[in-house]
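User: Could you take me through one part of this model up close? I'd like to hear about how the helices pack, and then about a few residues worth a look.

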Amino acid sequence: MDSQTIIDALLLGLLEGLTEFIPVSSTGHILLAGHFLGFNSTGKTFEILIQLGAILAILSVYAAKLWQMLTTLPSDPKTQRFVAGILIAFLPAAIVGALAHDFIKTVLFESPRLICVMLILGGLVLLFLDKLDLKPRYGDVTNFPLSVYLKIGLFQCLAMIPGTSRSGATIVGSLLMGVEKRAAAEFSFFLAMPTMAGAFAYDLYKNRDILSAADLPVIGIGFLAAFFTALFVVRHLLDYVSRNGYALFGWWRLLVGGVGLFALMVWG
């Protein structure tokens, strides 16, 4: 493993952690950055497997709350209902992701222009929603109607297209369903746990025959970088969106998508 590969893995890991839980598409950012850096991972697994760092970051931040849920699950109807809601929201993406896995990895992941277009479209959607006078009806993530959990889960399926953003799709869906801004971001955290863990496990299984010990150091560097940067983002994001909304992320998507398209036209 040469020094350039180490630097690339570190940069991409930092990018994963910084962008995973904000609505700008971490996968889109990593694929675009990897394209221009000339970074190639075995079976495009690096981009998925380093998400484990972000998963562990959110688990550590919510450890006390998750432990409380685990201990009260057998007896508390509210906890049981919330867990059922998360599973309901998770299932649509799990089914679509399993059925379309090969198409996503071999076609969509290989289209940087598509990623740029989706970044721009998603940015316009965020800016439009931020201007709307939406009337929140739900502020407690544990108490949405089951139908709302399902609809948010259907929105998450849009994130199969790189550049859309998993958190962005769930947040937009939540806002349209009447969820308050902070609660929309918080529910995207909870939904990320089974979704990202499932994507990690399934991608690892699908690529078990082509991964080797030589891939582990690169993945490990990306994993550690993603963990520490995601830890910072998760601890500060909810307060930020409560005060400022999502417009900043919309403008960021427009900037990255526009610069990406320009760079593709100039350098290919």
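Analyst: Here is a walk from the whole chain to two helix pairs and then to three residues. This is a predicted model, so a bit of bookkeeping: residues are numbered from 1 along each chain as its sequence is written, local features need pLDDT of at least 70, and side-chain atom pairs count only at pLDDT 80 or more. Totals for chains, interfaces and linings use all residues, while side-chain values use heavy atoms, with hydrogens and water left out.

First, the setting. The protein chain has 13 helices and 0 strands, where helices (H or I, at least four residues) and strands (E, at least two) are DSSP runs numbered from the N terminus. The C-alpha trace spans about 55 × 40 × 35 Å along its principal axes. A compact globule of 268 residues would have a radius of gyration near 18 Å, and the 18 Å of the protein chain agrees with that; the radius is taken over C-alpha atoms, and the globule rule is 2.2 Å times the number of residues to the power 0.38. Of the 268 residues, 49% count as buried, meaning under 20% relative accessible area with a 1.4 Å probe, protein chains only. Contacts (heavy atoms within 4.5 Å) reach far along the sequence: among those between residues at least 6 apart, 83% join residues at least 24 apart.

Now the helix pair at the start of the numbering. Helix α1 (residues 3–19) packs against helix α2 (residues 26–37) at about 160 degrees, with the axes 9 Å apart. Axes here are lines fitted to C-alpha atoms, for helices over the stretch in contact, and angles run from 0 to 180 degrees between N-to-C directions. That angle makes α1 roughly antiparallel to α2, the label for angles over 145 degrees, just as under 35 counts as roughly parallel. On the α1 side the contact uses Asp 8, Leu 12, Leu 15, Glu 16 and Thr 19, and α2 brings Ser 26, His 29, Ile 30, Ala 33, Gly 34 and Leu 37. By class, that contact has 5 nonpolar, 4 polar and 2 charged residues. For the classes, Ala, Val, Leu, Ile, Met, Phe, Trp, Tyr, Cys and Pro are nonpolar, Asp, Glu, Lys and Arg are charged, and the others, Gly among them, are polar.

In the loop between α1 and α2 sits Ser 25. Its phi is positive, about 75 degrees, although Ser 25 is not a glycine. Most residues other than glycine have a negative phi. Ser 25 is also buried, at a relative accessible area of 3%.

On to the second pair. Helix α6 (residues 77–99) and helix α9 (residues 146–156) pack at about 30 degrees, axes 7 Å apart, which makes α6 roughly parallel to α9. From α6, Arg 81, Phe 82, Gly 85, Ile 88, Ala 89, Pro 92 and Ala 93 meet Leu 146, Tyr 149, Leu 150, Gly 153, Leu 154 and Gln 156 of α9. That contact has 9 nonpolar, 3 polar and 1 charged residues.

The loop between α9 and α10 (166–176) holds Ser 165. Ser 165 has a positive phi near 95 degrees, again in a residue other than glycine, and is buried with a relative accessible area of 3%.

Last comes His 101, in helix α7 (residues 101–106). At 11% relative accessibility, His 101 counts as buried. Leaving aside residues up to four places away in sequence, His 101 touches Tyr 202, Asp 203 and Lys 206.

Technical notes:
Angles under 35 degrees count as roughly parallel, over 145 as roughly antiparallel, 65 to 115 as roughly perpendicular and the rest as oblique. Buried means under 20% relative accessible area, exposed over 50%, partly exposed in between (1.4 Å probe, protein chains only).
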